[in-house]
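Q: I'd like a close look at a single part of this model. Could you pick one strand and walk me through its surroundings?

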Amino acid sequence: MPRILRRSVNEPLWVDLHSRHASAVPEKAYAWLRDPASLTRRVTQVCSAGFRVQVKYQGWSAALPSETRLLRLGLREACLVREVELLCGDEPQVFARTLMPVSSLRGPARQLSRLRNKPLGKVLFANPHTRRKEVQIARIQPQHRLYRPAVSHLRQQPPELWGRRTLFLYAGNPILVNEIFLPSLVERDCPAGAVFVR
């Protein structure tokens, strides 16, 4: 039975990547959602205009209710929240929101708080001990908390977006990465080498 997390009204319904609910995802979006490679690497592969990361926000903040449960945060435990855009030239392809609990930013993981415009994916995937613990997907709609910051640059806003969130263990500590795929990326074919199995 797929694991479905309870959510507040401003959160989407996050479901396991391999659940039966995944059949509702359009094929092009699903190819991106399902790909296990570093998203930074994949976007770089399809971007001929120059890839870069732009930080939109970084600071201490509370996690959303479902994020709190997934990260198993204490009642008052804060997270360092980092929101960025992955751009091809000047066009955003992905909106990413990373949550790093204060308890996770110890030892080698401290460097994650000082990334600036460096891609998080390069750091996570460069460490052979990084582990993916859980991957969930969701349809992101206008009433959801992650929709507005993801589409703020678009004149014509789509009725929905697709996103995934991955719970990583980095240096043994949990890090939650939300990735919202924008229409400019979903319209591109996911590069060869991506795993695509329904």
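A: Here's a walk through strand β4, its partners and the core beside it.

Keep in mind that this is a predicted model. Strand β4 covers residues 91-101, and ten of its eleven residues are buried, so the strand is largely enclosed by the rest of the structure.

Let's start with the sheet. It's an open one of seven strands, ordered β1-β5-β6-β7-β4-β3-β2, and the pairing is antiparallel. The edges are β1 (15-16) and β2 (51-61), each of which pairs on one side only. β4 sits between β7 and β3 in that order.

Take the β3 side. Strand β3 (residues 79-88) runs antiparallel to β4, and ten bridges link them. If you want a register marker, Glu-85 has Phe-95 in β4 as its bridge partner. The two strands form a hairpin with two residues between them, where Gly-89 has a positive phi near 65°.

Now the other side. Strand β7 (residues 173-181) also pairs with β4 in the antiparallel sense, this time over six bridges. A handy marker here is Leu-99, which stands opposite Leu-176 in β7.

Further along the sheet, strand β5 (residues 131-140) and strand β6 (residues 161-170) are joined by nine bridges and run antiparallel. In that pair, Arg-139 stands opposite Trp-162 in β6. Helix α1 packs on the sheet and touches β5, β6 and β7, with its direction at about 10° to that of β6.

What about the core? The largest nonpolar core has 23 residues, and the members touching the most others are Val-25, Trp-32, Leu-39, Leu-86, Ile-137, Phe-181 and Leu-185. β4 is among the elements that give two or more residues to this core, along with α1, α2, β3 and α6 (183-186). The largest share, five residues, comes from α1.

Leu-39 is a good place to see how these pieces meet. Leaving out residues up to four places away in sequence, Leu-39 touches Trp-32, Leu-86, Val-94, Arg-164, Glu-179 and Phe-181. There's also a second, separate core of 13 residues, with Leu-80, Leu-112, Leu-115 and Leu-124 among its members.

One last stop is Ser-38, in the loop between α1 (27-34) and α2 (39-46). Ser-38 is buried, at a relative accessible area of 9%. Beyond its neighbours within four places in sequence, Ser-38 is in contact with Gly-121 and Phe-125.

How values were computed. Residues numbered from 1 in each chain as written. Predicted model: local features only at pLDDT ≥ 70, side-chain atom pairs only at ≥ 80, totals over all residues. Heavy atoms only, no water. Buried < 20%, exposed > 50% of the residue type's maximum accessible area, 1.4 Å probe, protein only. Helix = DSSP H or I, 4+ residues; strand = E, 2+ residues; numbered from the N terminus. Pairing = 2+ DSSP bridges. Contact = heavy atoms within 4.5 Å. Core = buried A, V, L, I, M, F, W, Y, C linked by side-chain atoms within 4.5 Å. Axes fitted to C-alpha atoms, helices over the stretch in contact; angles between N-to-C directions.
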